[in-house]
Amino acid sequence: MTVTLNISGDNPNQISQFIIEGVNYYFHTRWNTRMGWSISIYDNSSNPAKDPSITPLLGGLKCMSNGLLTW
């Protein structure tokens, strides 16, 4: 099932929190002039705002408008 996540494009480096199927995830979205928007996904126990050295579940994925995140 497709889930739409509304992430504001006003902030080029932001961390958002979403609940998907009852599980809390952190999404770190970044704008890079060379490759556009990229996103890293973290689980509930690893908030990248508190510790930037945490390893994401999925890291640095390139995002495209109306495109699939993971193929």
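I take two strands as paired if DSSP finds at least two bridges between them. The model I looked at is predicted.

**Entry 1: overall content**

I began with the secondary structure and found 0 helices and 4 strands in the protein. Read from the N terminus, the elements run β-β-β-β. I then looked up the burial: 25% of the 71 residues count as buried. The exposed surface of the protein comes to about 5400 Å², and carbon and sulfur atoms supply 52% of that area. For contacts with a separation of 6 or more, I noted that 18% are between residues 24 or more positions apart.

**Entry 2: the sheet**

In what order do the 4 strands stand in the sheet? I found an open sheet in the order 1-2-3-4, with antiparallel pairing. Strand 1 (13-20) and strand 4 are the edge strands, each pairing on one side only. On average, neighbouring strands of this sheet are turned by 25° against each other, with direction ignored.

**Entry 3: strands 2 and 3**

I went on to the pairing of strand 2 (residues 23-32) with strand 3, which is antiparallel and has 7 bridges. The hairpin from strand 2 to strand 3 passes through 3 residues. I looked up two positions along this pairing. Tyr26 has Tyr42 of strand 3 as its bridge partner. His28 stands opposite Ser40, also a residue of strand 3.

**Entry 4: strands 3 and 4**

On the pairing with strand 4 (residues 58-62), I found 3 bridges to strand 3, again antiparallel. Here Ile39 stands opposite Leu61 of strand 4.

Is strand 3 mostly covered or mostly open? I found strand 3 (residues 36-42) mostly covered, with 6 of its 7 residues buried.

**Entry 5: Ser38**

I picked one residue of strand 3, Ser38, for a closer look. Why does Ser38 count as buried? Its relative accessible area is 7%, and the cut-off for buried is under 20%, so Ser38 falls in that class.

Which residues is Ser38 in contact with, leaving aside its neighbours within four places in sequence? I listed His28, Thr29 and Arg30, and also Gly60, Leu61, Lys62 and Cys63. Two of these names had come up before: His28 as the residue opposite Ser40, and Leu61 as the residue opposite Ile39.

Methods: Residues are numbered from 1 along each chain as its sequence is written. This is a predicted model: local features need pLDDT of at least 70, side-chain atom pairs count only at pLDDT 80 or more; totals for chains, interfaces and linings use all residues. Side-chain values use heavy atoms; hydrogens and water are left out. Helices (H or I, at least four residues) and strands (E, at least two) are DSSP runs, numbered from the N terminus. Buried means under 20% relative accessible area, exposed over 50%, partly exposed in between (1.4 Å probe, protein chains only). Contact means heavy atoms within 4.5 Å. Accessible areas come from the Shrake-Rupley method with a 1.4 Å probe; for residues, only the protein chains shown count as cover. Axes are lines fitted to C-alpha atoms, for helices over the stretch in contact, and angles run from 0 to 180 degrees between N-to-C directions.
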